[in-house]
Each structure stands twice: as C-alpha cells, then as structure tokens.
Amino acid sequence: MTGDTHYDLEILAELAEGLLDAATAMRVREHLAICDPCGESLADLAAVRELLAATSTPAMPMGVALRIDRALAAEAENFRGGGIGLVEAPAWDDMMRDAPWETAPLPQEEPAPEPETRPEPAVRLGVVGDDGTVTPVTPSRRRTAARRRRWAMPAAAAGIAAAVIGATVVTTSMLSAADPEREPVIARPAPATSTADYQLTASNWNYTDQELRGSLLDYIGPGLIVKDSSDTSELARCVQQVSEKVGKAPFAVDQGFYNGQEANIVLFWHNEAKNQVRVHVVGPSCETVRKPALASWR
Amino acid sequence: MNSPPETPPTAGRQAARTDVSDADLLTRHIAGDPHAFSEIVKRHRDRMWAVALRTLGDPDEAADAVQDAFVSAYRKAESFRGEAAVTTWLHRIVVNACLDRMRRKAVRPVADDELVEAAERDTPVPDQTAEREVSMEVSSALKLLPADQRAALVLVDMMGYSVEDAARVLQVPSGTVKSRCARGRAKLVPILSHLRNRSDRSRVSSAKGAELRDG
C-alpha cells in the first residue's frame, strides 16, 4: 500500500480529517481519482468509522449502578463525620494528572477493593425505573411491577422472609446517604445449597441475552426479597414445573424482564465448584422464552 | 434559579430536579444537598459507563473506573470551575480514570473460559450473536491501539461527540484529536477488515463519496 504508487492508510485518514496541507491534499485527491485500490482504502476507513459508530453501547448494568450508589452513600457517611464506610478511590492528583497517557507508568498501586461483606449504608434502589433508563418497563407491566416492589419493606418482614427463604437478608429503603440515623444492613447472599429453598428476588431488571451469559450475582445478589403470595404462588408452581424438567431445585429466582418482556429468571447450579449456573428464563405463563444456557454466578 | 415546576407538589422533588441544570445540581451538592449528586449520577451514568467500557474493553475494569470517577467527582466537586460543561468535566474524570487504570496494569482480556464454553454449547439467536461478536471484535481491536488514540476514537467515533467536545474532554487541541482519530482508524482498517467484508458490501461507493466530500 505504500511507496510511489499508492498512499498509505494514515495519509488517507489524514486527508479525510482535513489534516493535510492544501498541496498534499490536492495531490492525493488527483491520485484517488485514478487509483481504485486507494479509493478502496478510503472506503475501508469510512467503514471503520461506521463500524465503531454502529457498535452498541449498553446501559450501565444494575449491579454496577448499585455499587456506585453504595460507594457514594459510604462517601456521604464519611463526609458527614461518621467515619465509616469509606471507599478508597485513587488520589485525585493521580487521576487528573495532565496527559496521563504520555507519562511513565506509575508504581503498581491498587485502590482498596470495595468492601463487600460488612454492613453497608443505604442503597438507593429507588432510582430504578424512575427515568426508565435502568429498567425499561412496558406500560402494561407498570402496575404489576409497582405492586411487586417492596422498597420500604419493614425490617421485621425482611427477617421473616429471610427465615422462610433461608438464603439472603436484604433490607432496602428509599433512604439515601442523607439519613445516617438509619442503617439498613445488606448481607451478601450465600448461595443456597438446600434443595428445598431458593432465594426469590424481584429486581425488575430487563435482562439481555448477553447479560444472562455473564456473571449474575450482581443482578440477582443484591435484589429484593419478595413476599407477595398472590404473585408468588403462581410463580412457585412454575418454578416447580421447571425444577421437574431440570431434575433439581433452583437456588435463586428473580422476577424481571427479558428483552422487555416480563420474565422470571430461574437459576440452577450446574457446577457450583466451577461457578457455573444454568439459566432458565420463563414468561408469565411459565413458557420458556429463552433456550436454557450456562452462565457464571460470581 | 429555575422556574417553578408545573407538576403538582406531590410529584415533588423528582419532577423539579429534571429542570435543574447539572451545574446547579453540583452547586447544591457542594452546599450540602444530599440528593443533588445522585441526580447527576443518574443522568450521566449510562454514558459514563459506555465511555469506560469502550475505552477499557473490560466490564470489571470499567465498573471500577466509573466508580473511582464518580467518587472522585463527589469529593472534588469544588474543583469544577464552571468554565466547561459539567458533562465535559465528568467525561474528563472518567476518561482519566480509565487511562489511569490502563497505565497501571494491562487490562485482562474480556473472554472468560466459561462464557466461551456456554456460547459453544448453546446456539443463541443469530443477530444477537453477530452483534455481540462484532462488539467483542471491536473491543479487542481497540485494545491494540495506543491509549491516546483509543480514547479519541471512543469519544468521536463510538460516542459520537464532536471533535471539539472530545478536545475539551481530553484537554488537547482539536487538531490533535483529529490526528489521533486518523491514526487510530488507519490502524484499525487491517484488523477489522474481515468484519467489513462480511457485513457491508453496498456502502463502498457512498462511504467513499462522503469521505471525499468531508475531506
């Protein structure tokens, strides 16, 4: 592509960006008028731009959004003199150094890992669905979804639910960092091994196929324990059906959406030691809406 | 500061906040409003996530970078001087957090054995597979570029920001952004040519025409 007869891609890319001086640009254009390979190269460059532009950029996964909310809540606690829950971020000066890509590599320095196991300040789950960016809910589903949410479930009820379900205790509230007098406790879920119990959550997350192939703990782990008999009895029957097909009991069930449609995500351990879960997705009438597939838990 | 909300008072805070500018929210945050920063996060997290994910090519790294960035912005809100848009400022923090991570360690490859295994075992819906495959190919191709070129291409070509906006985020002249984009695209052509041959046979003449016109 280089040499006397053709221009290389970089020159052509610079031409396209208007970076060449007038005389050079003129010469390259004259060449392009008669040279098919260089014309093709120019088209390739345009195609790369189109490819980059067409590559979809997904919304922030709920697990990440929750994590950030937690980190900021911890930061607020710290800011208000509570002194707890400080999440270390890299020093500002480190991060905002000028032209960082042109400076020498820094000494290896890891930010402190996010403390996942200790009690954490309020999680602002109320953000979900407020603007539709996190969980796009179809209008016909709004009522059901709203009824299902138990944002401000009393701690006692959560305790009962946990005792019944035996997998996870999650208390949440609409409280934000501004309410330091309340300290909802979040316990990370321990995967249930009992065959009789499974953790039931209603994240109302709109799962994509890709998300259901990845690590699911972040979506389902911090979800809300549901205790709603009218909804769950039907679901319980469905879970039973699925379990019979699979031949074992699930360890977690999450009520949400799949590609915008109401769906229940039923998780079975495929190989717990290898962190593999089998994902079944069923619709409101317990119909299978996605081919069962493997994913990871953590 | 802002006109009274037209919604009834019970709709309250949430409705009113959508009318408040980012800069006002930041001012309120500095003044101690405990909800103001959450609103900023809510407004911009998807874009910040996209920038970080594309720049780093790894969801775990991207999550760490975005979290670092938001926590830093929360702490250092006073450093926002108002000469640029809040979004520019946030982008700058996120991009720098990403570049900071890239500098400190080599980013792990995206694919993990289990995902590959699962993908091989089951045949998903074709178009989603294709899209995911292209997305992964683009991600891994971007990783082959120098960080400065990658950051410029993510902002301009992937996120669709103007060269001028990208220049403000990256704090370099517009010409530098153009030049980084040009060099980055030139490097990507041979890496991604197979995707193009597969997916686009009809656009050659029009794309060429557009490039010539723009040039």
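**Exercise 1. In which hand does H3(B) pass H8(B)?** Work out the packing of this helix pair in the predicted model.

*Solution.* Two packed helices are described by the angle between their axes and the distance between the axes.

Step 1: Take the geometry. Helix H3 (residues 36-56) of chain B and helix H8 (residues 147-158) of chain B pack at about 135°, and their axes lie 9 Å apart.

Step 2: Classify the angle. H3(B) is therefore oblique to H8(B).

Step 3: Assign the hand. H3(B) passes H8(B) in a right-handed crossing.

Step 4: List the residues that touch. H3(B) contributes Val51(B), Arg54(B) and Thr55(B), while H8(B) contributes Arg150(B), Ala151(B), Val154(B) and Met158(B). Sorted by class, this contact has four nonpolar, one polar and two charged residues.

**Exercise 2. At what angle do H3(B) and H5(B) pack?** Describe this pair with the steps used above.

*Solution.* Step 1: H3(B) and helix H5 (residues 86-104) of chain B pack at about 30°, with 10 Å between their axes.

Step 2: Angles under 35 degrees count as roughly parallel, so H3(B) is roughly parallel to H5(B).

Step 3: The crossing of H3(B) and H5(B) is right-handed.

Step 4: On the H3(B) side, the contact uses His44(B), Met48(B), Val51(B), Ala52(B), Thr55(B) and Leu56(B). They meet Thr87(B), Leu90(B), His91(B), Val94(B), Val95(B), Cys98(B), Arg101(B) and Met102(B) in H5(B). By class, that gives nine nonpolar, four polar and one charged residues.

**Exercise 3. How many residues of H9(B) are buried?** Place this helix within its chain, too.

*Solution.* Step 1: Start with the chain. Chain B has eleven helices and zero strands, and buried residues make up 44% of its 215 residues.

Step 2: Turn to helix H9 (residues 163-170) of chain B, where six of the eight residues are buried, leaving the helix mostly covered. Those six are Asp165(B), Ala166(B), Ala167(B), Arg168(B), Val169(B) and Leu170(B).

Step 3: Look just past the end of H9(B): Gln171(B) has a positive phi of about 60°.

**Exercise 4. What should the 19 residues of H3(A) span?** Compare the expected span with the model.

*Solution.* Step 1: At 1.5 Å a residue, helix H3 (residues 36-54) of chain A should span 27 Å.

Step 2: Its end C-alpha atoms are 26 Å apart, which agrees with that expectation.

Step 3: For burial, the buried residues of H3(A) include Cys38(A), Ser41(A), Asp44(A), Arg49(A) and Leu52(A).

Technical notes. Residues are numbered from 1 along each chain as its sequence is written. Chains are lettered from A and ligands numbered from 1 in the order in which they are written. This is a predicted model: local features need pLDDT of at least 70, side-chain atom pairs count only at pLDDT 80 or more; totals for chains, interfaces and linings use all residues. Axes are lines fitted to C-alpha atoms, for helices over the stretch in contact, and angles run from 0 to 180 degrees between N-to-C directions. Helices (H or I, at least four residues) and strands (E, at least two) are DSSP runs, numbered from the N terminus. Angles under 35 degrees count as roughly parallel, over 145 as roughly antiparallel, 65 to 115 as roughly perpendicular and the rest as oblique. A crossing is left-handed if the near helix is turned anticlockwise from the far one by less than a right angle, and right-handed if clockwise. Two residues are in contact if their C-beta atoms, placed from the backbone, lie within 7 Å. Ala, Val, Leu, Ile, Met, Phe, Trp, Tyr, Cys and Pro count as nonpolar, Asp, Glu, Lys and Arg as charged, and the others, Gly among them, as polar. A residue is buried if 20 or more other C-beta atoms lie within 10 Å of its own, exposed if 12 or fewer, and partly exposed in between; C-beta atoms are placed from the backbone. The expected span of a helix is 1.5 Å times one less than its number of residues.
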